[in-house]
Each structure stands twice: as structure tokens, then as C-alpha cells.
Amino acid sequence: ASEAWTGYQKGDFVKFCVSNSAWVVLDHKETMFSSRTLTADLSIAASATTKPTGYTNVTDIGQVWDDANKKLVSPFAGFWDLNWRVSIGTVDGESQLVPVIYAGAAMIYSPAQGTSTTGYNRGHNQSTLRIKVAASTDIEFYVHNCLSNSAWSLGGNASNESGFDGTFTRTY
């Protein structure tokens with residue numbers, strides 16, 4: 001009466017078994033993946049944590065990207081493998097921008113910040129993590145400017161793009 005499984009790409013599969021009138025999943029592979037990059041540089045205000053907009057679609061398998069709200073949405077309970085790359089824009093030098101990731105409206109990742117040779121705070125420009133989520137959990141990508149005295153340019157031009165990718169694995 002209802003769909004039990006959806007394959008999105010060639011090679012996806014599921015193996016079911018009926019046990020006591022219930023479907024039991026024995027094995028599966030479902031490909032759900034989204035990759036996006038920024039199309040233009042974006043100024044991040046001093047000490048601000050900002051959610052970038054203006055993404056271009058690189059790949060979207062399984063329709064996990066919510067374009068209206070600029071976020072990934074977990075289609076089922078499962079795991080996200082996330083990679084969020086922050087690049088500097090047209091400004092030369094050490095980046096003062098760090099990646100921040102939210103899941104279910106709560107910050108789950110913000111890198112430790114240190115001090116650069118010029119005395120300013122700085123952090124890391126890439127985050128990679130795997131998280132377990134419930135169905136319908138939102139994943140959102142933010143950027144934090146470590147500088148308290150000036151804006152910094154997040155790279156979105158063709159030669160220096162900030163972007164992310166997320167691979168979702170369903171659990172039963």
C-alpha cells in the first residue's frame with residue numbers, strides 16, 4: 001500500500017524478506033548526495049556568523065537539498081557524511097573565516113580558533129564530519145568571521161569557490 005524503498009541511481013538496491021507479515025530489510029544501498037558551490041564572493045561582517053546564500057547546484061541525487069531555505073534535509077533516519085570548504089575571496093592572505101555546521105537548528109561543529117602571527121584570531125577552513133540524524137533533520141552551513149574589526153570576503157568566484165557536499169546513508 002505504500003512505497004518501502006526508492007532507488008535514485010543505477011546500482012542502488014534493497015533486499016527484503018517477509019517475516020511474520022512484516023517487511024525486513026536484509027541489505028541496501030541508496031545514493032543520496034548533494035554538492036553545491038557559491039557563485040559569487042560574499043562579505044561576512046566582523047565577528048558575524050552568517051548563512052551563505054547564492055549556491056549553484058553541482059550534483060543533487062535524491063533531492064535532499066531545500067533550495068528555498070538553503071539547507072539539506074534528512075529524508076530518513078541515517079547518517080550524513082559532510083564536507084564544508086570555506087575559501088577566501090578576492091582578499092590575499094590568511095583567511096579569518098571558519099566553517100560552522102548546524103543540525104536540527106543546533107550548532108554541532110565550529111573549529112577551535114587560535115592566534116595568527118599577526119595577533120588575530122583564526123581557525124581552520126574545512127570541516128569534515130559524520131553525524132547520526134533523525135528523519136527530517138536540517139543540516140545548515142554557516143561561516144564565522146574571527147575578526148572583530150573588519151569584514152572578510154568568502155570566496156565564491158570560479159577560481160576560489162567555497163562549497164559543501166553531503167552524502168546521506170539511510171538506516172533501518
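## Strand S15 and its salt bridges

Leucine 72 stands opposite isoleucine 139, a residue of strand S15, and this pairing belongs to a predicted model. The contact is part of the antiparallel arrangement of S8 and S15, which are joined by two bridges.

S15 has further partners. Strand S10, which covers residues 97-103, runs antiparallel to S15 and is joined to it by seven bridges, with valine 100 placed opposite tyrosine 142 of S15. S5 also runs antiparallel to S15, through two bridges, and here threonine 49 faces histidine 144 across the pairing. Seven of the eight residues of S15 are buried, and the strand is therefore largely enclosed by the rest of the structure.

### Salt bridges

How many salt bridges does a search of the whole structure find? The search returns six, and three of these pairs are described here, with their N to O distances in the table.

| Acidic residue | Basic residue | N to O distance |
|---|---|---|
| Aspartate 60 | Arginine 36 | 3.7 Å |
| Glutamate 140 | Lysine 51 | 2.5 Å |
| Aspartate 138 | Lysine 71 | 2.7 Å |

Two of the tabulated pairs involve S15. Glutamate 140 and lysine 51 form a salt bridge whose closest N and O atoms are 2.5 Å apart. Because glutamate 140 lies in strand S15 (residues 138-145) while lysine 51 lies in the loop between strand S5 (49-50) and S6, this pair ties together parts that are 89 residues apart in sequence. The two partners also differ in their surroundings: glutamate 140 is buried, at a relative accessible area of 13%, whereas lysine 51, at 21%, is partly exposed.

The second pair brings together the side chains of aspartate 138 and lysine 71, at 2.7 Å from N to O. With aspartate 138 in strand S15 and lysine 71 in strand S8 (residues 71-73), the bridge links distant parts of the chain, 67 residues apart. Lysine 71 counts as buried, since its relative accessible area is 14% and the cut-off for that class is under 20%.

The remaining tabulated pair joins the side chains of aspartate 60 and arginine 36, with 3.7 Å between N and O. Why does this pair tie together parts that are 24 residues apart in sequence? The reason is that aspartate 60 belongs to strand S6 (residues 55-61) and arginine 36 to strand S3 (residues 32-38). Arginine 36 is buried at 6% relative accessibility, while aspartate 60 is partly exposed, with a relative accessible area of 29%.

Notes: Residues are numbered from 1 along each chain as its sequence is written. This is a predicted model: local features need pLDDT of at least 70, side-chain atom pairs count only at pLDDT 80 or more; totals for chains, interfaces and linings use all residues. Side-chain values use heavy atoms; hydrogens and water are left out. A salt bridge is a side-chain nitrogen of Lys or Arg within 4 Å of a carboxyl oxygen of Asp or Glu. Helices (H or I, at least four residues) and strands (E, at least two) are DSSP runs, numbered from the N terminus. Buried means under 20% relative accessible area, exposed over 50%, partly exposed in between (1.4 Å probe, protein chains only). Two strands pair if DSSP finds at least two bridges between them.
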